[in-house]
Amino acid sequence: MKTPTCELMLMAMMAAADGESAPLSTDEINVHLSVCADCREEAVRMQRVGDLFQHASRRDDAIDLWTAIDVRLAQQPSRIGWGPFAVVSLLLLVYKLVEMLPEAEPGWAIELAPLIIFGALLVFLRENPFKINTELILEK
Amino acid sequence: MDDEIVIEKCRNGDQEAFRHLVERYQRQAIGHATALLGTREDALDAAQEAFIDAFRALKQFDSSRPFYPWFYVLLRNRCFKMAARKREMTSIDETVIVAATGARSEDILALQNALRSLDMEDREIVTLKYFDGLSYNELAERLQIPKGTVMSRLFYARRKLLAKLER
């Protein structure tokens, strides 16, 4: 009859068999095995997994990835520096100053300026703010 | 050429130096990706993407540490993302293991089928343990989980594998 400690015993046995430090001592494991037929049986069955893997190996094919990687790396977009962001900041500053002039009446079109500047920046960066990145779901 | 020297060259913009890393680790990477994804075609894509990720992230890599365990984390991220994009693909559909000399072909087939029916995470930990012979500490580093979790995850994965083998 299995007790709640059986899983821990089997885990400890597995760790010891793998040459790792086990959470229980060899004596504790042996004492448990001497009284628990289920664990003795499972330990023997578990051994089969290791035996099977000893006669198998990972399939190993020689494939060259470099050619494709080299092409991809060459196509990397050049890194965008701070220049475009400085220009956008300057434009927004000018817009704000114009808007703050007390006697200026630039008209309703000036209200669209920040939107146009932001849109131009997105076009320049080739970024779509409405794009849904499904890959983010899997980030761990 | 040592990985450390190669990585330093890559960081200085020598793209050609990266070739050494790709050629040194591509077989291992494809093997691992195939065990995870199940198809050679997907594995090649994932390995290729992971190498590109690695090239881009080399500046953050601590070159006093070995390259492959760090790269493996990028590779498995790519594999898990790819598997999620192809949700219908949940099992291995290609031969990912081969028989060693003297092995019985029915045993290998049984093992192949049992591995096929495991989920990706169980298949990953079991194959890393048995095919790569990684210690629990190495598994913890590769899988980014505590050592205690390695022990329990490996235990339950083996149990599931055994259940499949005995079915």
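1. In this predicted model, the crossing of helices α1(A) and α2(A) is left-handed. The residues that make the contact are A:Met9, A:Ala12, A:Met13 and A:Ala16 on the α1(A) side, together with A:Thr26, A:Ile29 and A:His32 on the α2(A) side. By character, these contact residues divide into five nonpolar and two polar, with no charged residue taking part.

2. As to the geometry of this pair, helix α1 of chain A covers residues 6-17 and helix α2 of chain A covers residues 26-35, and the two pack at an angle of about 130 degrees with their axes 10 Å apart. Because angles over 145 degrees count as roughly antiparallel and those from 65 to 115 as roughly perpendicular, α1(A) and α2(A) are described as oblique to each other.

3. Chain A as a whole has six helices and one strand, and its elements, read from the N terminus, follow the order α-α-α-β-α-α-α. Of the 140 residues in the chain, 11% count as buried. Among contacts in chain A with a separation of 6 or more, 41% are between residues 24 or more positions apart.

4. Turning to the partner chain, 29 residues of chain A are in contact with 42 residues of chain B. The elements of chain A that give two or more residues to this side are α1, α3 (37-54), β1 (56-58) and α4 (66-74), and the largest share, six residues, comes from α3(A). The side of chain A that touches chain B divides into 18 nonpolar, two polar and nine charged residues, whereas the contact of α1(A) with α2(A) includes no charged residues.

Notes
Residues are numbered from 1 along each chain as its sequence is written. Chains are lettered from A and ligands numbered from 1 in the order in which they are written. This is a predicted model: local features need pLDDT of at least 70, side-chain atom pairs count only at pLDDT 80 or more; totals for chains, interfaces and linings use all residues. Axes are lines fitted to C-alpha atoms, for helices over the stretch in contact, and angles run from 0 to 180 degrees between N-to-C directions. Helices (H or I, at least four residues) and strands (E, at least two) are DSSP runs, numbered from the N terminus. Angles under 35 degrees count as roughly parallel, over 145 as roughly antiparallel, 65 to 115 as roughly perpendicular and the rest as oblique. A crossing is left-handed if the near helix is turned anticlockwise from the far one by less than a right angle, and right-handed if clockwise. Two residues are in contact if their C-beta atoms, placed from the backbone, lie within 7 Å. Ala, Val, Leu, Ile, Met, Phe, Trp, Tyr, Cys and Pro count as nonpolar, Asp, Glu, Lys and Arg as charged, and the others, Gly among them, as polar. A residue is buried if 20 or more other C-beta atoms lie within 10 Å of its own, exposed if 12 or fewer, and partly exposed in between; C-beta atoms are placed from the backbone.
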